[in-house]
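Q: Please take a close look at one helix of this model and at the parts that pack around it, and set out how they fit together in one connected account.

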Amino acid sequence: MKLFILVAVFGLSLAQHDAHLKYGRTAIVHLFEWRWADIAAECERFLGPKGFGGVQISPPSEHIVLDSPFRPWWQRYQPIGYNLCSRSGNEDELKDMITRCNNVGVNIYVDAVINHMCGAGGGEGTHSSCGSWFSASKQDFPTVPYSNLDFNDYKCNTASGEIENYGDKYQVRDCRLVSLLDLALEKDYVRGKVADYMNKLIDMGVAGFRVDATKHMWPGDLEVVYGRLHNLNTNWFSGGSRAFIFQEVIDLGGEAISSSEYFHLGRVTEFKYGAKLGTVFRKWNNEKLCYTKNWGEGWGFMADGNAVVFVDNHDNQRGHGAGGASIVTFWDSRLYKMAVGYMLAHPYGLTRVMSSFRWDRNFVNGKDQNDWMGPPSYGDGSTKPVPIYSDQTCGDGWVCEHRWRQITSGQKEGSRCTGKQIQVGGDGRAHFRISNQDEDPFVAIHAESKL
């Protein structure tokens, strides 16, 4: 019996590392703050044909609506319930998007916010994306329902109830992260509500989850929740398939909580990847690209099969999270194209491409005062659609890095190639000329991209 239990748990953890990408697809894209209707269209017209394997979507759960500052991006990370109406769209639009993307071979991965609810100062009333009533001060969220019995206040050992010392793993996991009401995931009732939410999405056809703020939850609690998840929907996935789990754990070394504590549960975000890659491409600390010949584990990163990697994400492109000034973003477009091209060509980890929106930066003493700004919106706060121009780029404030030709590489159009052309001689040799003065000073080769 003991042997059976060990095999069953080990098998479950391996299954949760599998992103279920369709044959030949190796990368996913984060369409940050896109509406469900726009994601559905993008799957059909671009992501499927271009070979993207999946989309990470913004949290679909009901969230707080804040007017000051005006509708910040981070309000999506303050749930007030698990109803599926957010500023990206309603439940029917979400279901339609999942179906349409699956039908063209593009998986959907949900950004799951299950560590906490909204901030303690979030007020009360119906200012939520579904119009549901709640009271943050009373810790009353009736649409779930959660009450003050379902939060970790009784466990936190700080006077403020906040995390005061990140060197104390008990504070990090049992106290409030920037005032967010911390759910008591050790309680079976809370575990059940979280699993119900995730299972509803699995039944709709999602392939997996990016689990937000994972380091703030105990691995044992997450193991129970993940163990309660349904198998994936057999309309699109083989029988017995388990949800892909990748967990946000910021670990640059020297942390009280290590990424390795979560490897048995699924993949983990490798934040050292973008921080180190940015240093290389910026040529800081005398770094050179030739030093990356052992890129991956040789640079102190986690094992290939555990890693989800990215040049930047929605946090650190704003100076939050991890990596600091070394992080390369779309604001440094030339460097960014090279860095993403390198990431996509290198066989380490599961690669995730970022797709962003612009905001009006305003630096005061080195700090961007506008890093809170939400997606392109109308006067009433509703998110604008993503317009696609004839040159395949996006407008209205949407950056769409995933559509940049340098990131999707060249392709065949009739009898010619659209990217840089390299002539291969009869002896199998080719001459590569790459100038650092080029607009695109790099070459990526794809086995299918030949005449």
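A: In this predicted model, helix α5 has 17 residues and reaches 24 Å from its first C-alpha to its last, close to the 24 Å expected at 1.5 Å a residue. Its buried residues are V190, R191, G192, V194, A195, Y197, M198, N199, L201, I202 and M204, a list in which the charged R191 and the polar N199 stand beside nonpolar residues. These buried residues are covered by elements that include α3, β3, β8 (208–211) and α6 (219–227). After α5 comes G205, whose phi is positive, near 120°.

The helix can next be placed within the core. The largest nonpolar core holds 112 residues, of which I39, V55, M97, F141, Y146 and F209 touch the most other members. The largest share of this core, seven residues, is supplied by helix α5 (residues 188–204). In soluble globular proteins, nonpolar side chains tend to be buried together.

Among the elements covering α5 is α3, and α5 in turn is one of those that cover the buried residues of α3, together with α2 (36–50), β2 (54–57) and β3 (107–112). Helix α3 (residues 91–103) has 13 residues and spans 18 Å from its first C-alpha to its last, close to the 18 Å expected at 1.5 Å a residue. Its buried residues are L94, M97, I98, C101 and N102. Seen down the axis of α3, these fall within an arc of 120°, so they line one face of the helix. An α-helix has 3.6 residues a turn, so residues three or four places apart point the same way. On the face of α3 turned away from the buried side lie the exposed residues D92 and N103. At the start of α3, a side-chain oxygen of N90 comes to within 3.1 Å of the backbone nitrogen of D92, while the helix is followed by G105, whose phi is positive, near 80°.

Strand β2, which also helps to cover α3, has G54 and Q56 pointing one way and V55 and I57 the other way, and all of them are buried. Leaving aside neighbours within four places in sequence, V55 is in contact with V29, L31, I39, C43, L47, V106, N107, I108 and Y109, and of these I39 is, like V55 itself, listed with the core residues that touch the most other members. On the strand side, three bridges join β2 to β1 (residues 27–31), and the two run parallel, with G54 of β2 as the bridge partner of I28.

Technical notes: Residues are numbered from 1 along each chain as its sequence is written. This is a predicted model: local features need pLDDT of at least 70, side-chain atom pairs count only at pLDDT 80 or more; totals for chains, interfaces and linings use all residues. Side-chain values use heavy atoms; hydrogens and water are left out. A nonpolar core is a set of buried Ala, Val, Leu, Ile, Met, Phe, Trp, Tyr and Cys residues joined through side-chain atoms within 4.5 Å. Buried means under 20% relative accessible area, exposed over 50%, partly exposed in between (1.4 Å probe, protein chains only). Helices (H or I, at least four residues) and strands (E, at least two) are DSSP runs, numbered from the N terminus. Contact means heavy atoms within 4.5 Å. The expected span of a helix is 1.5 Å times one less than its number of residues. The arc is that of the directions from the helix axis to the C-beta atoms. A polar contact is a pair of N or O atoms within 3.5 Å; within protein, one must be able to donate a hydrogen and the other to accept it, and residues adjacent in sequence count only if both atoms are side-chain atoms. Two strands pair if DSSP finds at least two bridges between them.
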